[in-house]
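Here is a short report on charge and packing in one protein chain. Keep the sequence and the 3D view open while reading.

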Amino acid sequence: MVRRLRTAVLVVHGIDRQGKRVVLHLSLGGRESTEAWKAVLHDLVERGLRSPGLVISDGNPGLLRALSEVWPEVPQQRCVVHRMRNVLARVPKRWQGEVKRALHRIFYAESLEEAKAAAGRFMAQFRKGLPTACELLEKHLAECLAFYRFPEVHWKHIRTTNALERAFREVRRRTDVIGRFPNEMAALGVIFGVLEGARLKWHRVTVEPEHTAEI
């Protein structure tokens, strides 16, 4: 009998000072554990990467613990799409539309002050009827709103992990078609090809001198 083994793929993308997206790390991690992610971060440091200005993640616990140990001073942005999805998973169907609109008013507000005010209104409106959803939203809300402290022109690029998520949908499609790989390098070669193709299609972020100074 041939067993089909699955493993985690650990990927780090970055945006450089020219606004270009680059693949900084790609490896098979077995699973997304703290130790696996610490090895990734240490590899980046050893290869000369200085502490980034911001780390954007989907909130994976292993990655967050690794970041707290390796780069404790680096601000973090939690993907707002993942956070909205997680909050809505705790909301009855009849309230989904209303809650989703209220969440959008928080994460797509025109300023940090307006986002905080919208979050306060959300808590006042839903805390009694949806205490679990409110508790989840309130937890790590500051990390979800971190993007507001950066230039407005960058907000749409840094408040979510959507760019990487889209690329990985194509990775899953390609790897499912292939099925089994003869070895690790063959798998990584296909994955890198897909990620690199997505990177080349990505529109660069506008980074002006004043943006760099603000960051």
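## The positive patch

In which helix is the place of Arg-85? Arg-85 sits in helix H3. The model is predicted, and what follows should be read that way.

Arg-85 belongs to a positive patch on the surface. Its partners in the patch are Arg-166, Arg-169 and Arg-172. H9 provides the largest share of the positive patch, with three residues. Arg-85 has a relative accessibility of 48%. That value falls between the 20% and 50% cut-offs, so Arg-85 counts as partly exposed.

## The negative patch

The surface also carries a patch of negative charge. Glu-110, Glu-113, Glu-114 and Glu-152 gather there.

Glu-114 can be placed on a helix: it is found in H5, which covers residues 112–126. Its relative accessible area is 41%, which makes Glu-114 partly exposed.

## The nonpolar core

The largest nonpolar core has 32 residues. Which of them touch the most other members? They are Leu-103, Ile-106, Phe-107, Phe-122 and Leu-137. Several helices feed this core with at least two residues each: H3 (80–88), H4 (96–107), H5, H6 (131–138), H7 (141–144) and H8 (155–158). H5 gives the most, with seven residues.

H5 therefore appears in two settings: Glu-114 of the negative patch is found in H5, and H5 also supplies residues to the core.

## Salt bridges within a helix

Side chains of opposite charge can pair when their charged atoms come close. The count of salt bridges in this model is five.

Glu-35 pairs with Lys-38. Their closest N and O atoms are 3.7 Å apart. Why are Glu-35 and Lys-38 separated by about one helical turn? The two are three residues apart in helix H1 (residues 34–46), so about one helical turn separates them. Is Lys-38 buried or exposed? Lys-38 is buried, because its relative accessible area is 16%, and the cut-off for buried is under 20%. Glu-35, in contrast, counts as exposed at 54% relative accessibility.

Glu-170 forms a salt bridge with Arg-173. Here the closest N and O atoms are 2.6 Å apart. Both residues lie in helix H9 (residues 162–178), three residues apart, about one turn of the helix. Glu-170 is partly exposed, with a relative accessible area of 30%. Arg-173 is partly exposed too, at 46%. Elsewhere, salt bridges that share partners join Glu-35, Lys-38 and Glu-69 into one network.

## A salt bridge between H6 and a loop

Glu-138 forms a salt bridge with Arg-127. The closest N and O atoms of this pair are 3.4 Å apart. What parts does the pair tie together? Glu-138 lies in helix H6, and Arg-127 lies in the loop between H5 and H6, so the pair ties together parts that are eleven residues apart in sequence.

Neither end is buried: Glu-138 is partly exposed, with a relative accessible area of 43%, and Arg-127 is partly exposed, with a relative accessible area of 39%.

Terms used. Residues are numbered from 1 along each chain as its sequence is written. This is a predicted model: local features need pLDDT of at least 70, side-chain atom pairs count only at pLDDT 80 or more; totals for chains, interfaces and linings use all residues. Side-chain values use heavy atoms; hydrogens and water are left out. Patches are made of residues with over 30% relative accessible area and no salt bridge: like charges are joined within 9 Å, nonpolar side chains (Val, Leu, Ile, Met, Phe, Trp, Tyr) within 5 Å. Accessible areas come from the Shrake-Rupley method with a 1.4 Å probe; for residues, only the protein chains shown count as cover. A salt bridge is a side-chain nitrogen of Lys or Arg within 4 Å of a carboxyl oxygen of Asp or Glu. Lys and Arg count as positive and Asp and Glu as negative; His and the chain ends are not counted. The place of a charge is taken as NZ of Lys, CZ of Arg, CG of Asp or CD of Glu. Helices (H or I, at least four residues) and strands (E, at least two) are DSSP runs, numbered from the N terminus. Buried means under 20% relative accessible area, exposed over 50%, partly exposed in between (1.4 Å probe, protein chains only). A nonpolar core is a set of buried Ala, Val, Leu, Ile, Met, Phe, Trp, Tyr and Cys residues joined through side-chain atoms within 4.5 Å.
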